[in-house]
Amino acid sequence: MYGGESTPEAEPQTIISVENEIITHDNNCTLEDINKVNEYLECSKIKFENRLRQQQIKESSIDDFIIHKTIGMGAFGRVLLVNYKLKPEKFLAMKIMKKEQILKRNFLQHVFNEKQLSSNLRHPFIIHMEYYAKDICNLYFIMPFIVGGDLFGLMSERGVLDELHAMFYAGQMILALEYLHSLDIIYRDLKPENVLIAADGFIKLTDLGLSKRITSNRTTTLCGTPYYLAPEIIAIKPYGKPVDWWALGIIIFEMVSGSVPFIADTEKKLFYKILSGSYRMPINFSPNLSHFVKNLLQVDLSKRYGNLQNGISDIKSHRWFNKIDWIILYNKNMVPQYIPTFNSPSDTHNFESFVEEDTSIICNGVDQTHFANF
């Protein structure tokens, strides 16, 4: 579990903005006018497609990095704190993926998708891959080290977040999902563990291993984390971008109530509850929040926010977000309610401690032809 010491949470009545600054997050694509969101998204899509064609990320060597310690555990191996020898002042997170495990679990395409997306996406609230390496045993994805830990750790420490705090994080998730969806990418793994908190208090979505670019607006793969799965995924129906809006409803519910809406002692019972769409709205939710969550957690896709005629406008213009200026938020011209504490760029106290293992273990019998395209 991630966690650590933090500064006390303030409870302002309004979200505070700072002096406006327009930030260029995607080459020369800027967002400074609420009426030009579509132009920004189209510019970002062109840049994304160009990067895909150019294959800008170059392969590094594992010997280019100094390994410090384990900061997390992934599905196929550890996540290590490292730094690049040529830039020793910059600390990074190295995600190790064992080739043997990737093949055993039939996740080769997922991992390839993650490399393609992580190295080419550019958004202020989505992490990106800076370096890539491989050897006979492993693949290595190297990303910026996000010093503040994750939302799961913060929620474990706080129990619940007030609505203004939750609104601040939810707004960033919405902007990130809007960007991904404009590229026809579904995220499919929105949960507190995948929401990192950066040194400036803003978030970074991480782990694009289940993300997928869809061309037909639908896919059928059963994947994700059970508590956050949309009903159509469980029902093994063709699904698309609305699954991310369902997961957004779950995570907002969890941030403010301290628990997910659907709970059961077996996966079968859990899935039954999700398919029924039956849950209790907490009494501490404001009327605006209750209305918003209710319209995200709609089993009927024809009623789910984000999938209606107005698309994402139903979400961004909802009255629960009346204190959010989307342009100011995108450009990070707001004062976060929480700033993580850390003593140095390599401070890992906001992360769980792990027993280290011998990283020099030799693997045997991995068919390298599967990884030729990496």
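**View 1. The annotated kinase domain in the predicted model.** UniProt, in an unreviewed entry, places the feature "domain: Protein kinase" at residues 65–321. The model shown is predicted. Over residues 65–321, helix accounts for 35% of the chain and strand for 19%. The end C-alpha atoms of this stretch are 43 Å apart.

**View 2. The open six-stranded sheet.** Six strands form an open sheet with mixed pairing, in the order β1-β5-β6-β4-β3-β2. Its edge strands, each paired on one side only, are β1 (59–60) and β2 (65–73). Helix α3 (residues 108–118) lies across β4 (87–98), β5 and β6, and runs at about 30° to β6.

**View 3. Pairing of β5 with β6.** Four bridges link strand β5 (residues 131–134) to strand β6 (residues 138–144), and the two pair in the antiparallel sense. Within this pairing, Lys-134 has Leu-139 of β6 as its bridge partner.

**View 4. Pairing and hairpin of β2 and β3.** Strands β2 and β3 are antiparallel and share seven bridges. Lys-69 stands opposite Leu-81 in β3. Four residues lie between the strands in the hairpin of β2 and β3, where Gly-77 adopts a positive phi near 160°.

**View 5. Strand β3, covered on both faces.** Seven of the seven residues of β3 (residues 78–84) are buried. In a regular strand, side chains alternate between the two faces of the sheet. On one side of β3 are Arg-78, Leu-80, Val-82 and Tyr-84, and on the other Val-79, Leu-81 and Asn-83, all of them buried.

**View 6. Passage from β3 to β4.** A hairpin connects β3 to β4 through two residues. The two strands run antiparallel and are joined by six bridges. Val-82 has Leu-92 in β4 as its bridge partner.

**View 7. The largest nonpolar core and the surroundings of Met-173.** In soluble globular proteins, nonpolar side chains tend to be buried together. The largest nonpolar core here has 84 residues, of which Tyr-169, Met-173 and Ile-252 touch the most other members. Helix α5 (residues 163–182) provides the largest share of this core, 13 residues. Neighbours within four places in sequence aside, Met-173 is in contact with Leu-151, Leu-190, Val-195, Ile-203, Leu-205, Leu-248, Ile-251 and Met-255.

**View 8. A second nonpolar core.** Separate from the largest core is a second one of 19 residues. Its members include Ile-102, Ala-198, Val-366 and Phe-371.

Methods
Residues are numbered from 1 along each chain as its sequence is written. This is a predicted model: local features need pLDDT of at least 70, side-chain atom pairs count only at pLDDT 80 or more; totals for chains, interfaces and linings use all residues. Side-chain values use heavy atoms; hydrogens and water are left out. UniProt positions are given in the numbering used here, feature names are shortened, and annotations may be inferred rather than shown by experiment. Two strands pair if DSSP finds at least two bridges between them. Contact means heavy atoms within 4.5 Å. Axes are lines fitted to C-alpha atoms, for helices over the stretch in contact, and angles run from 0 to 180 degrees between N-to-C directions. A nonpolar core is a set of buried Ala, Val, Leu, Ile, Met, Phe, Trp, Tyr and Cys residues joined through side-chain atoms within 4.5 Å. Buried means under 20% relative accessible area, exposed over 50%, partly exposed in between (1.4 Å probe, protein chains only).
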